[in-house]
Amino acid sequence: MGRQKGERISLGRDDAPRPLSPFGCLCPAREQARLKTRVVHGDTEAWQRDPAFSGLRRVGGVDVSFVNGDSSGACASLVVLSYPELKVVYEDSHMVRLQAPYVSGFLAFREVPFLVELVQRLQEKEPGLMPQVLLVDGNGVLHQRDLPCIGVAKKLLQVDGLENNSLHKEKIVLLQAGGDTFPLMGDSGTVLGMALKSHDHSTKPLYVSVGHRISLEVAVRLTHLCCRFRIPEPIRQADIRSREHIRRTLGHPGSPAQRQERRQKEQRPKACPGAPAGPCSLPEDCGRDSSTDLKDPQPGFQEQQKDQQSEGSGHHEDSDLWPPSPVWVQSPPREEDL
């Protein structure tokens, strides 16, 4: 049966995470176990069974960023990119106030409601831009009833005997080229995900897991194809836009002296790249800050250079996400960060 105009998507009683204590009476572990039984691990879409992913036209990414010093104020962001071009065709970011407490291992109960609202708003506003698959910054925990999802984490979630020990690090060293992988086998004998070297210059793997309605093999291949840099472009763009939304909403902090210095720098004539020092005679060709031109989804030379430098410099994980965030904007605590 088709969806009626104005009808909101509902995860349904059997598909939505129920309230987390102390805001509800359910045990988080029991509720998570219930949801786990409803996850579909196999491929359900025709494009997933095509080696070239023919028929896949739109991939989505979601992310949540927090304001430093505010444990509940955050910005939730959804982007949709064309595939295989990886150009942003839709973006939506909103400031939110998280109500559920952070509990290690149960991040979905804290963030999912706001991410689901973004997807619902997209379907109501621009149903033709609905993503055919959603990449989530985390461990495959977000799954909407009718939307295939992939979990992509930057750090290993140490569960079921998985440890970031010397043996794990030896396996990482053996990942030589972009696309190389090794399975994450738990003590239970279950393959929980795959470690993926996302591109040739990356020194740290990504950890890909099944979210819903997709096989692990397809999830890994698609994640790799969405990586221009270490972080898949849908998640990278969602992160950029959520942080930029916080900047625009809260303004630019800093002391009066810092603001004055910033104004002075902005007023200085800009020199053309590769030209002798002095004012630029071609203003239309100079002074474009690719790190803040978020309307252009194509990464510029400066972005590529920064991303490549950060891969080999041992910087914090967020340095993989250009532009780098100031201290006052931080990523939320996630299971893979503990």
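Helices, taken as DSSP runs of H or I of at least four residues, and strands, runs of E of at least two, are numbered here from the N terminus. Going by that numbering, G251 comes just after α5 and takes a positive phi of about 85°.

Now the background. This is a predicted model, where local features need pLDDT of at least 70 and side-chain atom pairs count only at pLDDT 80 or more, while totals for chains, interfaces and linings use all residues. Residues are numbered from 1 along each chain as its sequence is written, and side-chain values use heavy atoms, with hydrogens and water left out.

The chain overall. The chain holds seven helices and nine strands. It has 338 residues, and 47% of them count as buried. Buried means under 20% relative accessible area, exposed means over 50%, and partly exposed is in between, with a 1.4 Å probe and protein chains only. The accessible surface of the chain is about 17,100 Å², and carbon and sulfur atoms account for 53% of that. Those areas come from the Shrake-Rupley method with a 1.4 Å probe; for residues, only the protein chains shown count as cover. As for contacts, meaning heavy atoms within 4.5 Å, take those between residues at least 6 apart in sequence: 64% join residues at least 24 apart.

Next, the cores. A nonpolar core is a set of buried Ala, Val, Leu, Ile, Met, Phe, Trp, Tyr and Cys residues joined through side-chain atoms within 4.5 Å. Which residues have the most contacts inside the largest one? They are I150 and L222, in a core of 29 residues. At least two residues of this core come from each of β2 (73-82), β4 (133-137), β5 (149-153), β7 (191-196), β8 (206-212), α4 (216-225) and α5 (233-250). The largest share, five residues, is supplied by α4. Leaving aside residues up to four places away in sequence, L222 touches W47, F53, L56, Y83, V133 and I150. Another core lies apart from this one; it has 20 residues, among them V64, L78, V80 and L122.

Two of the residues that L222 touches are W47 and F53. Rings of Phe, Tyr and Trp, the last by its six-membered ring, pair if their centres lie within 6.5 Å; planes under 30 degrees apart are stacked, over 60 edge-to-face, and the rest tilted. By this rule the count is one aromatic pair. W47 and F53 form it, edge-to-face, at 5.7 Å centre to centre with 80° between the planes. Both residues are buried.

On to the backbone. Most residues other than glycine have a negative phi, and most peptide bonds are trans. F53 has a positive phi, near 55°, and is not a glycine. It sits in the loop between α1 (28-36) and β1 (58-67). Is F53 buried or exposed? Its relative accessibility is 1%, so F53 counts as buried. L86 is another residue other than glycine with a positive phi, about 60°. L86 is in the loop between β2 and β3, and it counts as buried because its relative accessibility is 5%. P84 is also placed in the loop between β2 and β3 (88-97). The peptide bond joining Y83 and P84 is cis, with omega about 10°.

Now the strands around β8. All seven of the seven residues in β8 are buried. Two strands pair if DSSP finds at least two bridges between them. β5 and β8 run antiparallel, joined by five bridges; the partner of A153 in β8 is Y207. β7 and β8 are also antiparallel, with three bridges, and M194 has V208 as its partner in β8.

Last, two helices. The expected span of a helix is 1.5 Å times one less than its number of residues. How far does α5 reach from its first C-alpha to its last? With 18 residues, α5 reaches 26 Å, close to the 26 Å expected. Of those 18 residues, 15 are buried. In α2, the end C-alpha atoms are 25 Å apart, which agrees with the 26 Å that its 18 residues should span. Because 13 of the 18 residues of α2 are buried, α2 is largely enclosed by the rest of the structure. F109 is in α2 (residues 108-125), and at 9% relative accessibility F109 counts as buried. F109 and E31 are 78 residues apart in sequence, and their C-alpha atoms are 9.9 Å apart in space.
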